[in-house]
Amino acid sequence: MNANTIVAIAGLIATTLTGLGVTFIQGRIAARNAVAGRLHEQRLSAYTDAMVHVQTVEGSLNEILEDPDLRSSPYGPEGPHRDLITARLRLIAPPSVIHAWQELTSAWDALMWNAEQDGPVNRRGDYHLQGEDADVVRVQAAITGLITALHRAMDFPP
């Protein structure tokens, strides 16, 4: 074999290996991007459900703060079940979001427990709280904390 043939064979082998390598690498990058895209969609869905719950809590809190005799509607409608949101967030959310979610659910549970212990203010079973009550302030702070954590997790300013 002469030198030209050896160089040609080496060039052919190098070209073939490069082509195979590029195809392999492109496939891996495409697969990684697909997985990242699905995870982003799942997070967005879970974060949206969490925000629906936040809005439900805000509506319920506003109703509890109204004078029960002037209240126009019963407590707000339920969104996605809280336990389902908790499970989804535990699977895909960063610790900051999980902590903020747990703070909101804990604050809301404490507010409702204390309101039930104090008892309803009328025969219809309505509850009434003041805006400066510690439980109300804690829920409002937890709402703000969760919204901020969700915004940071989605990489945009609160």
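# Briefing on a four-helix predicted model

The protein contains four helices and zero strands, and its elements follow the pattern α-α-α-α when read along the sequence. The coordinates come from a predicted model, and the values below were computed from it. Of the 158 residues in the protein, 28% are buried. About 10,300 Å² of the protein is exposed, and carbon and sulfur atoms supply 60% of that area. Among contacts between residues at least 6 apart in sequence, 73% join residues at least 24 apart.

**Helices α3 and α4**

- Helix α3 has 24 residues and reaches 34 Å from its first C-alpha to its last, which is close to the 34 Å expected at 1.5 Å a residue.
- The buried residues of α3 are V97, I98, A100, W101, L104, T105, A107, W108, L111, M112 and A115.
- Helix α4 covers residues 134-153, and its 20 residues reach 28 Å from first C-alpha to last, close to the 28 Å expected at 1.5 Å a residue.
- Buried positions in α4 are D135, V136, V139, A142, I143, L146, T148, A149, L150 and H151, a list that includes the charged residue D135 alongside nonpolar ones such as V139 and L146.
- Just after α4, D155 takes a positive phi of about 60°.

**The two sides of helix α2**

- In α2, the residues I85, T86, L89 and I92 are buried, and because they cover an arc of only 155° around the axis, they lie on the same side of α2.
- As background to this spacing, an α-helix has 3.6 residues a turn, so residues three or four places apart point the same way.
- The exposed residues D83, R90 and L91 are carried by the face of α2 that is turned away from its buried side.
- L84, which also lies in helix α2, is partly exposed, with a relative accessible area of 47%; its C-alpha is 9.2 Å from that of A46, although L84 and A46 are 38 residues apart in sequence.

**The nonpolar core**

- The largest nonpolar core has 28 residues, and the members that touch the most other members are L89, V97, L104, W108, L111, V139 and L146.
- Helices α1, α2, α3 and α4 are the elements that give two or more residues to this core, and the largest share, nine residues, comes from α3.
- Leaving aside neighbours within four places in sequence, L89 is in contact with A46, Y47, A50, V97, I98 and W101, and two of these partners, V97 and W101, are themselves among the buried residues of α3.

**Salt bridges between helices**

- A search of the whole structure finds three salt bridges; in general terms, side chains of opposite charge can pair when their charged atoms come close.
- R88 and D49 meet through their side chains in a salt bridge, with an N to O distance of 2.3 Å, and this pair links distant parts of the chain, since R88 is in helix α2 (residues 82-92) and D49 is in helix α1 (residues 3-65), 39 residues apart.
- The two partners differ in burial class, because R88 counts as partly exposed at 22% relative accessibility, whereas D49, at 17%, falls under the 20% limit for a buried residue.
- Apart from residues up to four places away in sequence, D49 touches P80, I85 and R88, so that its contacts include I85, one of the buried residues of α2, as well as its salt-bridge partner R88.
- D109 and R82 form another salt bridge through their side chains, at 2.8 Å from N to O; D109 lies in helix α3 (residues 95-118) and R82 in helix α2, so the pair ties together parts that are 27 residues apart in sequence.
- Both members of that pair are partly exposed, D109 with a relative accessible area of 38% and R82 with one of 24%.
- E103 forms a salt bridge with R138, and the closest N and O atoms of the two are 2.9 Å apart; here E103 in helix α3 is linked with R138 in helix α4, 35 residues away in sequence.
- E103 counts as partly exposed at 29% relative accessibility, and R138 likewise counts as partly exposed, at 31%.

Technical notes: Residues are numbered from 1 along each chain as its sequence is written. This is a predicted model: local features need pLDDT of at least 70, side-chain atom pairs count only at pLDDT 80 or more; totals for chains, interfaces and linings use all residues. Side-chain values use heavy atoms; hydrogens and water are left out. The expected span of a helix is 1.5 Å times one less than its number of residues. Buried means under 20% relative accessible area, exposed over 50%, partly exposed in between (1.4 Å probe, protein chains only). A salt bridge is a side-chain nitrogen of Lys or Arg within 4 Å of a carboxyl oxygen of Asp or Glu. The arc is that of the directions from the helix axis to the C-beta atoms. Contact means heavy atoms within 4.5 Å. A nonpolar core is a set of buried Ala, Val, Leu, Ile, Met, Phe, Trp, Tyr and Cys residues joined through side-chain atoms within 4.5 Å. Accessible areas come from the Shrake-Rupley method with a 1.4 Å probe; for residues, only the protein chains shown count as cover.
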